[in-house]
Amino acid sequence: MQQKALTGIIDDSGKLAPSYAYKKLRLIRRVEEKIERLYPSDKVKSPVHLSIGQEAVAVGVCSALEETDVVFSNYRGHAHYLAKGGDLNAMWAELYGKSNGGSGGIGGSMHLDCWDKGFMCTSAIVASGIPNAAGFALANLMKNDPRLTVCFHGDGATEEGVFWETLNFASLKNLPILFICENNRYAIYSHQSARMKSDNIVERAQAFGLKAERVRGESTQDFFEATLNASEAIKNGSGPILLECMTHRWRDHVGPGEDRHLSYRDNTELDKAIAQDELTEIRNKLPKEEVREIDEAVETEIQTAIEFAENGTFPKAEELLKNVWA
Ligand SMILES: Cc1ncc(C[n+]2csc(CCOP(=O)(O)OP(=O)(O)O)c2C)c(N)n1
Ligand SMILES: [Mg+2]
């Protein structure tokens, strides 16, 4: 906690500092808005799954972690990557398919990593990060390495068998792992109620012997506090914990733009979520001058990343199979 105070992550009262939270939330929002704007130009070479609306989970959770803790994520991973401190230049170049991208330009938006900052990987395959994260946690346990492993996944990922197999194994072996279920209620265009008999991910996780709870509210501070408590418990040997974080995806499942015209969800529900935007709420609490400075710094950071990506070169055709194992 002392380190968090020194780096401005928490304020004097021990809460997540509004200026820190705002800077992260703003960076993530503006990065994704810029991606949306650039997308039609075909500069972004892969599909994108935007987290606009869900940023509070990523920022709340990652701000509570230590830099050495390690995050695994899914294809909707821009927010997790940036909240954990992932390098924006490397991310933008990766989106542009350039060699100076984090995965050498061959992974795209769904395959991000930044090991220096404890961000292991994202993956396009639903639930595939879950057993990988548990394997990492098991290795750490066996090596007496105190790092926490954090695994972000969606509500839809809990419908994969491997999710429950992993919970069973993690619980059995008392693995030091935190599962963050980002429940935006949808898997592509299907509501949770069309996919599950009852809305009880937490109860089902508890049946495997895990501590599991739904986070009380949907603010950055709520996610921060829940993660701090869970992280402390896990580091003291509690075994795995699952936090269900309720949230709202504002954009289409994949690609830029909204999806209101598809009429698969109640747009008034979406309007309500947008009206309660966490970013705006925190922004309104900060002095105007501070907001202006943060906004300017964020725009400069994004512009620098775009230039970094523009200046990169595409990987050579002969490099295509370089990292293929078999
Ligand atoms: C194994 C597998 N099955 C199906 C898909 C297609 N698919 C991509 S995203 C997705 C929905 C996942 O929903 P959720 O886990 O709730 O995450 P969200 O997209 O809401 O963030 C599906 C079914 C896939 N990529 N991988
Ligand atoms: Mg979902």
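A crossing of two helices is called left-handed if the near helix is turned anticlockwise from the far one by less than a right angle. Keep that in mind for the first stop. One thing before you click around: what you have open is a predicted model.

**Stop 1: two helices side by side**

Select helix α6, residues 129-142, and then add α7, which covers 161-172. Two packed helices are described by the angle between their axes and the distance between the axes. Here the axes come within 9 Å and cross at roughly 15 degrees. Angles under 35 degrees count as roughly parallel, so α6 is roughly parallel to α7. As for the handedness, α6 passes α7 in a left-handed crossing.

Now show side chains. On the α6 side, pick Ile130, Pro131, Ala134 and Leu138; on the α7 side, pick Val162, Phe163, Thr166 and Phe169. Together these residues make the contact between the two helices. What kinds of residues are they, nonpolar, polar or charged? The split is 7 nonpolar, 1 polar and no charged.

**Stop 2: Asn140**

Stay on α6 and click Asn140, which sits in this helix. Its relative accessibility is 1%, so Asn140 counts as buried. Leave out the neighbours within four places in sequence, and Asn140 is in contact with Asp145, Arg147 and Thr149. Next, draw a distance from the C-alpha atom of Asn140 to that of Pro176: you should get 8.2 Å, though the two residues are 36 apart along the chain.

**Stop 3: the magnesium ion**

Select ligand 2, the magnesium ion. Which protein residues are its donors? They are Asp155 through OD, Asn184 through OD1 and Tyr186 through O, at 2.1 to 2.2 Å from the ion. Along the chain, the donors follow the spacing D-x28-N-x1-Y. Asp155 and Tyr186 link distant parts of the chain, 31 residues apart. You'll find Asp155 in the loop between β3 (149-154) and α7, while Tyr186 belongs to strand β5, residues 186-187.

Are these two buried or exposed? Asp155 has 1% relative accessibility, so this residue counts as buried. Tyr186 comes out at 7%, so this one counts as buried too.

**Stop 4: two residues with positive phi**

Go to Asn174, in the loop between α7 and β4 (177-183). Phi of Asn174 is positive, about 55 degrees, although this residue is not a glycine. With 37% relative accessibility, Asn174 counts as partly exposed.

Then hop to Ile188, in the loop between β5 and β6 (190-191). Ile188 isn't a glycine either, and its phi is positive, near 50 degrees. At 43% relative accessibility, Ile188 counts as partly exposed.

**Stop 5: a covered helix**

Select α5, residues 88-95. How many of its 8 residues are buried? The count is 7, which leaves this helix mostly covered. The buried ones are Leu88, Ala90, Met91, Trp92, Ala93, Glu94 and Leu95. Switch on α2 (18-38), α4 (78-83) and α12 (288-311), which are among the elements covering them.

**Stop 6: His78**

Finish in α4 by clicking His78. At 0% relative accessibility, His78 counts as buried. Setting aside neighbours within four places in sequence, His78 has contacts that include Met91 and Leu95, two of the buried residues of α5. The other contacts of His78 are Glu32, Ile35, Val48, His49, Leu50, Ser109 and Leu112.

Key:
Residues are numbered from 1 along each chain as its sequence is written. Chains are lettered from A and ligands numbered from 1 in the order in which they are written. This is a predicted model: local features need pLDDT of at least 70, side-chain atom pairs count only at pLDDT 80 or more; totals for chains, interfaces and linings use all residues. Side-chain values use heavy atoms; hydrogens and water are left out. Donors are N, O and S atoms within 2.8 Å of the metal (3.2 Å for Na, K and Ca); water is not among the atoms, so sites may look incomplete. Helices (H or I, at least four residues) and strands (E, at least two) are DSSP runs, numbered from the N terminus. Buried means under 20% relative accessible area, exposed over 50%, partly exposed in between (1.4 Å probe, protein chains only). Axes are lines fitted to C-alpha atoms, for helices over the stretch in contact, and angles run from 0 to 180 degrees between N-to-C directions. Angles under 35 degrees count as roughly parallel, over 145 as roughly antiparallel, 65 to 115 as roughly perpendicular and the rest as oblique. Contact means heavy atoms within 4.5 Å. Ala, Val, Leu, Ile, Met, Phe, Trp, Tyr, Cys and Pro count as nonpolar, Asp, Glu, Lys and Arg as charged, and the others, Gly among them, as polar.
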